[in-house]
Number of protein chains: 2
Amino acid sequence: MKNLKFIISYDGTAYSGFQTQPGGNTIQDKLEDTIFKLTGESVKVISSGRTDAGVHARRQVINFITNSVIPVERWCLALNTRLPKDIVALSAEEAPLTFHSRKSAKRKTYCYAVRVARFPNVFQRKFEFHHYTPLHIEAMREALECLIGEHDFTSFCTVRTDKEIRVRTIYEARIEVEPDAMSDDTKAGSLRVMITGSGFLYNMVRIIVGTLFQIGEGKRDSSDMRRILEACDRSQAGPTAEANGLTLWNVEY
Amino acid sequence: MKNLKFIISYDGTAYSGFQTQPGGNTIQDKLEDTIFKLTGESVKVISSGRTDAGVHARRQVINFITNSVIPVERWCLALNTRLPKDIVALSAEEAPLTFHSRKSAKRKTYCYAVRVARFPNVFQRKFEFHHYTPLHIEAMREALECLIGEHDFTSFCTVRTDKEIRVRTIYEARIEVEPDAMSDDTKAGSLRVMITGSGFLYNMVRIIVGTLFQIGEGKRDSSDMRRILEACDRSQAGPTAEANGLTLWNVEY
C-alpha cells in the first residue's frame, strides 16, 4: 500500500470544478476514471482543495492510496497518455501514509489574472478576465494591505454554513503588472493579483478581486477594504469575479 | 469607397487556415460573413498571406474595400462583438486605396514555439509544439545562420507548382530561450524560433523548424543546413513541423 502524491496542472475551462459530481464532468472524476483504467482500482483522489467550475490549476497537489505495482517514476507518463489533454500530471512521488493533500497543506497561493485593454488577448482568453477600462493599480495595492494577517474573512465568503470557522491568515497579497506587447494601446497590460494564505473560504479570492475591481474603477475608496473586512458581512463586499481569471498557483507543505 | 486596414489576431486551432474554402471553416470566411452581417456588403478580405490549418496569428494584417458609413474607430468593437472569440480585431485604420495587405508587405515575422520538457504546459498546449527530449540549442543557432540573406529556398518548400520563383530574403533568424518556472524539471523550457523575411514559401518555416529539430536532436550536424539549402531539393530537408507551434507574429509595410 502506497500513498502517491502528484503535482498536476489543469485548464479548468471545460470542467464543473475539481470535486466529483453526479454528472461526472470534474477533474476528480477524470483522474479517478483514468486511475481505474490504468490499475483496476477505485481510488479516492484527495486534493489540496476543490477548485470551482472554470477555475484552473498550475500546481495543484493530489494524493491517493494505491496497491498498484507501477513504479512511481512511470505514473506521470501512464496518466498523461490516458488523461484528456487539458489535465497534465507534472510530477509524482511516494509520500508517507499520513500525508493528506488538504490537511497537510500549509500555504496556498492563488493568482487572479486580468487583461486590461480594449480587446481580449486571443491566446490568453481562457485564463484571464478581460477588463475593458483602465484600473487604478495603486489604489488596489493599498486596499490589499489590510488583508494581510489573521482575520475573520466572512465578508469575502459565499455562505454555505453558519457553523464554519471563517478565520484565515493571509501571508502575502500583491499585484504584478506587465505591459502588453501585442496591442497598440499603450494602456494595455496584464495584472496578476497573487494571494498566499493558510487557506481560503468559498469564493474568497474571487470576492476580494471583485471588490478590488470596484476600487480600481474608482467606485469605492481603497480604505473601504478595511471597513468591509471588519463588517464581517458578505453584502458589504463587491461581486464575485468571474471564474476564468482564477488559477490555483501553488501549494506548500 | 474606403480601404480599411486591420490588425487581427487569431487562435487558428479550430480553423482550416486563413484562405476561404468551400467548407467555410476559415478565418477569411468568418471575417467576410461577419462583415456581411454588419454592413450587408459582400467584401473580399485580403490578408498579408494565407496561414495554414492550425496556424495562429498574433498580428495578421488584412484589408478590404467598403462603402459602409461606419466610422473607422467603431469597426473593431463592431466586429469583435460578432466574431467568434478566437478571432479578435486589434486595430483599424483607413489606408490609401492602393494599399494591398499582401502586395504592400515588406517584411513578415513568424514565430515557432516549442516546449522542451517531459510534459506539455497545459495553458500553452495549443500554441506550442511539445518536444519531449532536450535540444542542442547552440547547434540549432549555428544552423540558422546560413539562411540569412537572399537564397533559393526550394529545399524548404512544399512544391505546389514548378513555375514558382523560390528566391526569398531572410533578414533575421534567431532562437529565444526561456526557462519554465512551472516544472520541477530543470531542463524544461520554451524556445521561440523567430524568423523575419521578405516573404515565405509554402510550409517554409515549418520545414526549416523540422530540419532544426533533427539538428537539435543530434541526428544531423549544424553544417548540414547549408548543404540542404544549396541542394535546392525538398527531399534533403527534414519533415514539416506541426502547425500548432507556428504563429504569424508581425507584418511590416
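Biologist: How far apart are the centres of domain 1 of chain A and domain 2 of chain A?
Modeller: In this predicted model, the two centres, taken over C-alpha atoms, are separated by 27 Å. The domain assignment gives domain 1 as 2–95 and domain 2 as 107–252.

Biologist: What makes up the contact between domain 1 of chain A and domain 2 of chain A?
Modeller: Domain 1 of chain A supplies 16 residues and domain 2 of chain A supplies 16 residues. Together the two domains bury about 1200 Å², with 52% of it on carbon and sulfur atoms. On the side of domain 1, Asp52(A), His56(A) and Arg58(A) lose the most area, together 41% of what that side buries.

Biologist: Why is the pair Arg206(A) and Asp52(A) called a salt bridge?
Modeller: The rule asks for a side-chain nitrogen of Lys or Arg within 4 Å of a carboxyl oxygen of Asp or Glu. Here the closest N and O atoms are 3.2 Å apart, so the pair qualifies. The rule finds one salt bridge across this interface. By class, the side of domain 1 that touches domain 2 has four nonpolar, seven polar and five charged residues.

Biologist: How do you know how chain A and chain B are related?
Modeller: A turn of 180 degrees, with a shift of 0.0 Å along the axis, lays chain A on chain B with an RMSD of 0.0 Å. The two copies are thus related as by a two-fold rotation axis.

Biologist: Why do you say that the copies meet through the same surface?
Modeller: Because 100% of the interface residues of chain A are also interface residues in chain B.

Conventions:
Residues are numbered from 1 along each chain as its sequence is written. Chains are lettered from A and ligands numbered from 1 in the order in which they are written. This is a predicted model: local features need pLDDT of at least 70, side-chain atom pairs count only at pLDDT 80 or more; totals for chains, interfaces and linings use all residues. Side-chain values use heavy atoms; hydrogens and water are left out. Copies are superposed by least squares on the C-alpha atoms of residues with pLDDT of at least 70 in both. Contact means heavy atoms within 4.5 Å. Domain bounds come from an automatic or database domain assignment. Buried area is the accessible area (1.4 Å probe) that two parts lose on being put together, summed over both. Ala, Val, Leu, Ile, Met, Phe, Trp, Tyr, Cys and Pro count as nonpolar, Asp, Glu, Lys and Arg as charged, and the others, Gly among them, as polar.
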